[in-house]
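Please examine the chain shown below and work through the exercises that follow it. Each task is paired with a solution set out in steps.

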Amino acid sequence: MAREGRGSNIAVIKYWGKRDKKKILPINSSLSVTLSPFDMGTCTSAAYNPSWKGVKLWLNGKEEDANTERIQNCLREIQARSGESDMKEGIRIVSTNNFPTAAGLASSASGYACLVAALGGLFKVEGDLSVIARQGSGSACRSMYGGFVKWEMGKEEDGSDSIAVQVAPETHWPSLHALILVVSDEKKKVSSTGGMEESVRTSKLLAHRAQAVVPDRMVRMEQAIKDKDFAAFGKLTMEDSNQFHATCLDTWPPIFYLNDTSRAIIQFVHAFNEEMGQICAAYTFDAGPNAVLFVEEANLVKLAHRVSAAFPPSKDKTLEDHLADDELRNKVQEV
Ligand code: DP6
């Protein structure tokens with residue numbers, strides 16, 4: 001049996017769009033911060049016994065279909081590298097997330113990264129596994145590593161150079177914190193996969209972004225991280241989140257992931273930075289209304305107090321409901 005933990009990741013330069021849907025090859029490189037698996041991540045155990053029938057998978061205690069194309073892609077790649085003859089039989093996978101699944105909080109990223117890490121461990125597969133995780137879900141390749149991780153889009157048609165590379169380890173910037181504001185834990189209406197497909201097909205802004213904007217931003221973001229330059233890191237993060245959501249609006253028909261609360265959070269962060277006289281907080285939003293705020297330790301308590309005053313728990317749920325819901329909210333309240 002093998003057991004692995006992987007943290008979810010928050011993209012600060014977003015991946016949005018594939019040039020090859022089957023192999024999951026992106027139209028631009030991206031960069032993210034991997035969270036601690038103990039705070040927000042997945043834990044997966046995998047076991048193998050050739051006498052067991054089929055492949056079975058339990059996600060958060062519920063049996064799910066293991067026969068999906070993405071899981072089969074991961075199994076096939078692990079099989080190819082492990083020399084095992086038949087991976088359609090004898091595998092049991094148990095996976096648990098410690099945060100709401102499919103709420104725009106990148107559950108698929110830590111999920112596939114952890115699945116591939118556990119299978120890789122079980123079948124003793126050596127070398128870089130991010131190429132395999134990428135074929136489960138694009139953003140999952142970045143969760144194979146901790147700290148600050150870029151996904152290089154690569155040039156090769158077979159995807160062999162479309163890999164995740166660690167830019168800096170988790171110990172690099174210990175004063176950097178991420179605050180997750182759960183605006184809604186409902187399942188998102190337009191999946192990332194479906195949404196980006198529509199954007200590639202219809203948005204001219206997306207093509208411009210991939211070719212003319214992201215390459216330069218990747219270089220500047222990597223430098224900002226290396227220098228621990230929060231003002232530069234924060235500005236690029238917010239600009240990139242805004243441009244990603246602008247491409248969603250530029251998609252036909254348009255896709256809306258942000259809601260009124262998300263937009264109020266954006267205005268709140270700009271007002272906070274204005275008051276501080278410099279960029280001390282930064283927001284980013286993925287394919288959902290939930291916000292991730294980045295802040296350095298020195299400003300964390302001030303920002304957290306302001307957030308809870310400006311965005312108290314919703315009226316239709318009591319504070320107890322929120323706290324009982326899951327551990328994640330516990331953490332948000334604690335801060
Ligand atoms: C907005 O990795 O979930 O979170 O490759 O189709 O599984 P698939 O998409 P996915 O897309 C993530 C999109 C994003 C931005 C990001 O994480 O870079």
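The exercises below concern a predicted model.

**Exercise 1. Overall build**

Determine how many helices and strands the chain has, and decide whether the chain is as compact as a globular protein of its length.

Solution.
1. The secondary structure comprises 10 helices and 14 strands.
2. The radius of gyration is 20 Å, and the globule rule gives 20 Å for 335 residues; the two values are close, so the chain is as compact as a globular protein of that length.
3. Along the principal axes, a box of roughly 65 × 50 × 40 Å holds the C-alpha atoms.
4. Of the 335 residues, 44% count as buried.
5. Among contacts with a separation of 6 or more, 72% are made by residues 24 or more positions apart.

**Exercise 2. The five-stranded sheet**

Establish the strand order of the open sheet and identify its edge strands.

Solution.
1. The order of the five strands is 1-6-9-7-8, with mixed pairing.
2. Strand 1 (2-7) and strand 8 (62-64) each pair on one side only, and these are the edge strands.
3. Direction ignored, neighbouring strands of this sheet are turned by 25° against each other on average.
4. Strand 1 and strand 6 (residues 41-48) run antiparallel and are joined by six bridges.
5. Within this pairing, A2 stands opposite A46 of strand 6.

**Exercise 3. The environment of W151**

Is W151 buried or exposed, and which residues does W151 touch?

Solution.
1. W151 is located in strand 10, which covers residues 147-151.
2. A residue is buried if 20 or more other C-beta atoms lie within 10 Å of its own.
3. W151 has 28 C-beta neighbours inside 10 Å and therefore counts as buried.
4. Leaving aside residues up to four places away in sequence, W151 touches Y15, P26, S29, S30, C141, R142 and A164.
5. A further pair to consider is W151 and N9: 142 residues separate them in sequence, and their C-alpha atoms are 12 Å apart in space.

**Exercise 4. The ligand shell**

State how many residues surround the ligand, which of them are closest, and how the shell divides by residue character.

Solution.
1. The ligand is surrounded by 15 residues.
2. The closest are A11, Y15, S137, G138 and S139.
3. By character, the shell divides into six nonpolar, seven polar and two charged residues.
4. Y15 links this exercise to the previous one: Y15 is among the residues closest to the ligand, and Y15 is also one of the residues that W151 touches.

Conventions
Residues are numbered from 1 along each chain as its sequence is written. This is a predicted model: local features need pLDDT of at least 70, side-chain atom pairs count only at pLDDT 80 or more; totals for chains, interfaces and linings use all residues. Two strands pair if DSSP finds at least two bridges between them. Helices (H or I, at least four residues) and strands (E, at least two) are DSSP runs, numbered from the N terminus. Axes are lines fitted to C-alpha atoms, for helices over the stretch in contact, and angles run from 0 to 180 degrees between N-to-C directions. A residue is near a molecule or strand if its C-beta atom, placed from the backbone, lies within 6 Å of it. Ala, Val, Leu, Ile, Met, Phe, Trp, Tyr, Cys and Pro count as nonpolar, Asp, Glu, Lys and Arg as charged, and the others, Gly among them, as polar. The radius of gyration is taken over C-alpha atoms; the globule rule is 2.2 Å times the number of residues to the power 0.38. A residue is buried if 20 or more other C-beta atoms lie within 10 Å of its own, exposed if 12 or fewer, and partly exposed in between; C-beta atoms are placed from the backbone. Two residues are in contact if their C-beta atoms, placed from the backbone, lie within 7 Å.
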